[in-house]
2 protein chains.
Amino acid sequence: MTTQELAQAFTQLCKEGKFDEAGKRYWSDDVMSREPMPGNEMAAIKGRAAVEKKGEWWYANNEVHSVKVEGPYVHGDQFMVRFTMDLTPKGQARMGMDEMGLYTVKDGKVVEESFFYGQ
Amino acid sequence: MTTQELAQAFTQLCKEGKFDEAGKRYWSDDVMSREPMPGNEMAAIKGRAAVEKKGEWWYANNEVHSVKVEGPYVHGDQFMVRFTMDLTPKGQARMGMDEMGLYTVKDGKVVEESFFYGQ
């Protein structure tokens, strides 16, 4: 499976709202997940179990009203997916979120995901 | 100047159509420019003069009808900008192009730009 094929399959699952399945199918067991939050314990999470836990935490703390998924954008062993979300973080006002995921592929699996926030 | 400030200033120039000025102001002298074209001589171009020449070649071979610029998306020392273009490559049919630039910053300059094509 080429990076382009993986990128398209992964993004297609996201477009169908199957984010968990995309992760289960394509993350490597030692996947690294990075958020632009220097000093925060969520800034760099390593390993499938920890990254799944991070996902559960996120869904428990955000009510997602809708997600628009665009992409993938491919270059070499990396690809990007854009997520435009309408959500309500727990105890906060409803807000829009515009985020890009940058994924690095090795041996047919995603070994790193890194999120970029729209400014 | 932080990466976030540079990202915003760079993207603002692009939003104003001042792509050349963005490069002149923020590229490092040994900037590396990468396209997802394995084996093509344009795949990896190094140095300000060569990257400017690549830009001139591109403009000479593409008639740009409009560009929509979105971003920046920031994470650590990197940022992304989305370019959605309506263009006519020389001798070809008018087409849409959806492209992401990934920029790496060091010492207040862009040391690498890497383009991802929407699939």
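**Entry 1: how the two copies are related.** I began by superposing chain A on chain B in this predicted model, and I noted that a rotation of 180° with 0.0 Å of shift along its axis does this, with an RMSD of 0.0 Å. I wrote beside it that this is the relation of a two-fold axis. I then looked up which surface each copy uses, and found that the same surface serves both, since 100% of the contact residues of chain A recur in chain B. As a reminder to myself, I added that two copies of a chain are related by a rotation about an axis and a shift along it.

**Entry 2: the contact between the chains.** How many residues of chain A are in contact with chain B? I found 18 residues of chain A in contact with 18 residues of chain B. On the side of chain A that touches chain B, the elements that give two or more residues are helix 1 (3-15), strand 3 (62-75) and strand 6 (109-118). I sorted the residues of that side by character and recorded 10 nonpolar, eight polar and no charged.

**Entry 3: strands that pair across the chains.** I followed strand 3 of chain A and saw that it pairs with strand 6 (residues 109-118) of chain B in the antiparallel sense, over two bridges. For Y73(A), I noted that the bridge partner in strand 6 of chain B is G118(B).

**Entry 4: a peptide bond in strand 3.** I also checked the proline of this strand, P72(A), and found that a cis peptide bond joins it to G71(A), with omega about 0°. In chain B, a cis peptide bond likewise joins G71(B) and P72(B), again with omega about 0°, and P72(B) has its place in strand 3 (residues 62-75) of that chain. I marked these bonds because most peptide bonds are trans.

**Entry 5: a positive phi.** D107(A), in the loop between strand 5 (95-106) and strand 6 of chain A, has a positive phi of about 50° although it is not a glycine.

**Entry 6: two helices in chain B.** I turned to helix 1 (residues 3-15) and helix 2 (residues 19-26) of chain B, whose axes come within 7 Å and cross at roughly 150°. That makes helix 1 of chain B roughly antiparallel to helix 2 of chain B, and I noted the crossing as right-handed. Which residues meet there? From helix 1 of chain B I listed L6(B), F10(B), L13(B) and C14(B), which meet F19(B), E21(B), A22(B) and Y26(B) of helix 2 of chain B. The residues of this contact divide into seven nonpolar, no polar and one charged.

Conventions
Residues are numbered from 1 along each chain as its sequence is written. Chains are lettered from A and ligands numbered from 1 in the order in which they are written. This is a predicted model: local features need pLDDT of at least 70, side-chain atom pairs count only at pLDDT 80 or more; totals for chains, interfaces and linings use all residues. Copies are superposed by least squares on the C-alpha atoms of residues with pLDDT of at least 70 in both. Two residues are in contact if their C-beta atoms, placed from the backbone, lie within 7 Å. Helices (H or I, at least four residues) and strands (E, at least two) are DSSP runs, numbered from the N terminus. Ala, Val, Leu, Ile, Met, Phe, Trp, Tyr, Cys and Pro count as nonpolar, Asp, Glu, Lys and Arg as charged, and the others, Gly among them, as polar. Two strands pair if DSSP finds at least two bridges between them. Axes are lines fitted to C-alpha atoms, for helices over the stretch in contact, and angles run from 0 to 180 degrees between N-to-C directions. Angles under 35 degrees count as roughly parallel, over 145 as roughly antiparallel, 65 to 115 as roughly perpendicular and the rest as oblique. A crossing is left-handed if the near helix is turned anticlockwise from the far one by less than a right angle, and right-handed if clockwise.
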